[in-house]
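Dear colleague,

Please find below the structure that I am handing over to you. My notes on it follow directly after.

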Amino acid sequence: METVRAAERELMARLPEGALMQRAAAGLAAACADLLGRVYGRRVVLLVGSGDNGGDALYAGARLARRGAGVTAVLLAPERAHAAGLAALRRAGGRTVEITATAETDKTADTAKNGDTAKTADTAKNGDTAKTAETADTADTADTAKTFETAEHAIRNADLLLDGIVGIGGKGGLRPDAARLAAFADSARCAVVAVDLPSGVDADTGEVRGAAVRADLTVTFGTHKPGLLVDPAREYAGSVRLVDIGLDLPGEPVLEALQHADVRRLLPVPSGESDKYRRGVVGIAAGSARYPGAAVLAVAGALRGGAGAVRYVGPAGDAVLARFPETLVSDRGPRQAGRVQAWVVGPGAGDDASAVAEVLASDVPVLVDADGLRLADRDAVRARTAPTLMTPHAGEAAALLGVPREEVEGARLASARELAARYDATVLLKGSTTLVADPGGGAVRVNPTGTAWLATAGSGDVLSGLAGSLLASGLGALDAGSTAAYLHGLAGRFAADGAPVGAHDVADAVPEAWRDVRDLAD
Ligand SMILES: NC(=O)C1=CN([C@@H]2O[C@H](COP(=O)(O)OP(=O)(O)OC[C@H]3O[C@@H](n4cnc5c(N)ncnc54)[C@H](OP(=O)(O)O)[C@@H]3O)[C@@H](O)[C@H]2O)[C@@H](O)CC1
Ligand SMILES: [K+]
């Protein structure tokens with residue numbers, strides 16, 4: 001987030017003080033108003049931390065209060081809350097609940113309650129004759145419990161909750177008081193809007209360490225924070241709305257997502273001169289006596305990926321031919337199977353290490369998937385001169401990195417990058433947000449078309465065939481992987497259309513995805 005901060009500093013130097021925050025707050029308030037439909041008479045609760053993220057929430061709250069909403073700000077550190085924002089909220093008629101051990105609680109509206117709380121605290125403290133540090137602590141704890149209770153009550157009755165606990169200035173997991181408010185937010189029945197990003201998620205990496213706010217909508221300022229696009233953070237963010245505050249961000253992005261127009265540009269389209277060899281032949285070394293289906297599905301994907309022909313090598317030739325008679329089936333090993341422009345090795349391969357080794361020794365691009373990942377020798381991958389694309393899911397990536405699966409799931413971006421560096425290969429990490437990372441660094445591609453319906457057996461085999469086919473038709477590993485993931489995700493959506501589907505349905509829908517990409521951009 002240093003680039004965002006630097007851009008903010010640069011812009012702030014040129015603008016009147018507070019202008020950026022006003023832009024942010026105006027966008028935030030507008031998004032809240034959209035969500036509420038009618039603002040007048042609605043109850044809005046702000047969770048306000050001690051930084052500028054809380055300031056955004058306070059100013060947006062003031063705007064909503066001026067339009068007739070009843071706004072309550074829960075101040076996590078009252079003495080450090082954004083002073084001007086707080087003043088604006090109070091001027092607009094908003095009230096506050098202060099989370100603090102000793103101070104009085106509600107400042108304005110709930111005067112009766114205020115008095116009660118103050119009295120309770122006084123009695124607890126004064127009535128104690130032998131007042132020790134411990135008893136004072138107990139009184140403080142009782143007081144804090146009371147203010148948390150008031151906050152929880154307000155949250156329970158809210159129509160909208162804004163999370164301004166921390167933004168890009170957050171460090172590490174949420175501290176206990178903040179975590180407690182995040183838990184209240186979790187049990188809120190109303191919509192939760194995160195300010196800039198859900199408190200508790202890492203803006204740079206998408207990692208979530210401990211408690212974090214789960215939002216229905218995140219209103220983010222200036223730029224999409226990379227972490228918001230990657231799981232697990234993505235799940236916490238809900239839908240994401242970007243408010244332009246005029247930041248001019250320099251340098252390369254950390255993450256990028258292909259759009260229809262990009263994919264259209266990348267798709268190989270045959271010209272008048274093309275024949276099947278010029279369009280590329282993709283070799284599929286996959287399947288085993290035990291798993292012939294993986295071979296059939298990889299071929300199904302490969303036939304829809306733009307290569308001119310698909311050559312199959314392995315023990316499932318009969319099953320492949322029965323389903324796809326256009327396949328060139330060879331009963332020799334990969335080395336003697338005839339020329340291909342790219343190989344896919346591994347889906348359903350069982351323990352056939354020799355096919356993996358032969359394919360890795362070739363001088364054409366290679367995609368390694370599934371069993372092939374386990375069987376591939378790291379030094380052999382690193383020694384390759386042609387591109388290598390590895391396509392693990394989280395469990396396979398964890399095994400290759402020697403860490404528990406949860407570690408990969410919690411740090412997907414870092415895991416994809418680390419694996420790419422270790423193998424000196426492009427890595428496509430499958431999952432609800434599929435990532436594609438090149439070994440040399442640069443922006444990681446995040447796939448925007450994924451759908452949970454794709455989490456079905458054999459779906460990865462189709463993706464491998466598709467990506468291998470794109471490799472054979474001349475795309476680089478990063479482009480082939482991200483284009484395949486894009487088409488595969490779209491195909492999954494078309495095939496599923498709200499109902500469960502099998503992997504073969506996804507393969508069958510790839511041409512529709514392809515046409516959708518080409519037509520829409522035309
Ligand atoms: N700059 C601009 O022009 C613009 C910035 N904008 C907004 O500012 C936000 C960034 O503001 P920021 O830099 O003040 O940091 P912020 O996210 O509020 O957090 C810092 C506070 O949180 C605390 N804290 C830290 N970690 C914590 C934890 N784990 N658990 C609990 N608390 C924790 C930390 O406490 P401390 O460490 O100081 O004790 C400190 O007080 C940005 O996201 C956007 O919303 C927009 O208005 C657009 C214009
Ligand atoms: K936040």
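What percentage of the contacts in the protein chain with a separation of 6 or more comes from residues 24 or more positions apart? Such residues account for 66% of them, where two residues are in contact if their C-beta atoms, placed from the backbone, lie within 7 Å.

Please bear in mind that this is a predicted model, in which local features need pLDDT of at least 70 and side-chain atom pairs count only at pLDDT 80 or more, while totals for chains, interfaces and linings use all residues. Residues are numbered from 1 along each chain as its sequence is written, and chains are lettered from A and ligands numbered from 1 in the order in which they are written.

The protein chain holds 20 helices and 17 strands (DSSP runs, H or I of at least four residues and E of at least two, numbered from the N terminus). Of its 522 residues, 51% count as buried, that is, with 20 or more other C-beta atoms within 10 Å of their own, these atoms being placed from the backbone.

The largest nonpolar core (buried Ala, Val, Leu, Ile, Met, Phe, Trp, Tyr and Cys residues joined through C-beta atoms within 7 Å) has 163 residues, and Ile284 and Val299 are among those that touch the most other members. Helix H19 (residues 477-496) gives this core its largest share, 10 residues. Because domain 1 (2-250) and domain 2 (260-521) both contribute residues, the core lies between them; the domain bounds come from an automatic or database assignment.

Around ligand 1 there are 27 residues, with Gly51, Asp52, Asn53, Gly167 and Gly169 the closest (C-beta atom, placed from the backbone, within 6 Å of the ligand). Helix H3 supplies the largest share of this shell, 4 residues.

Best wishes

Note on methods:
A residue is buried if 20 or more other C-beta atoms lie within 10 Å of its own, exposed if 12 or fewer, and partly exposed in between; C-beta atoms are placed from the backbone.
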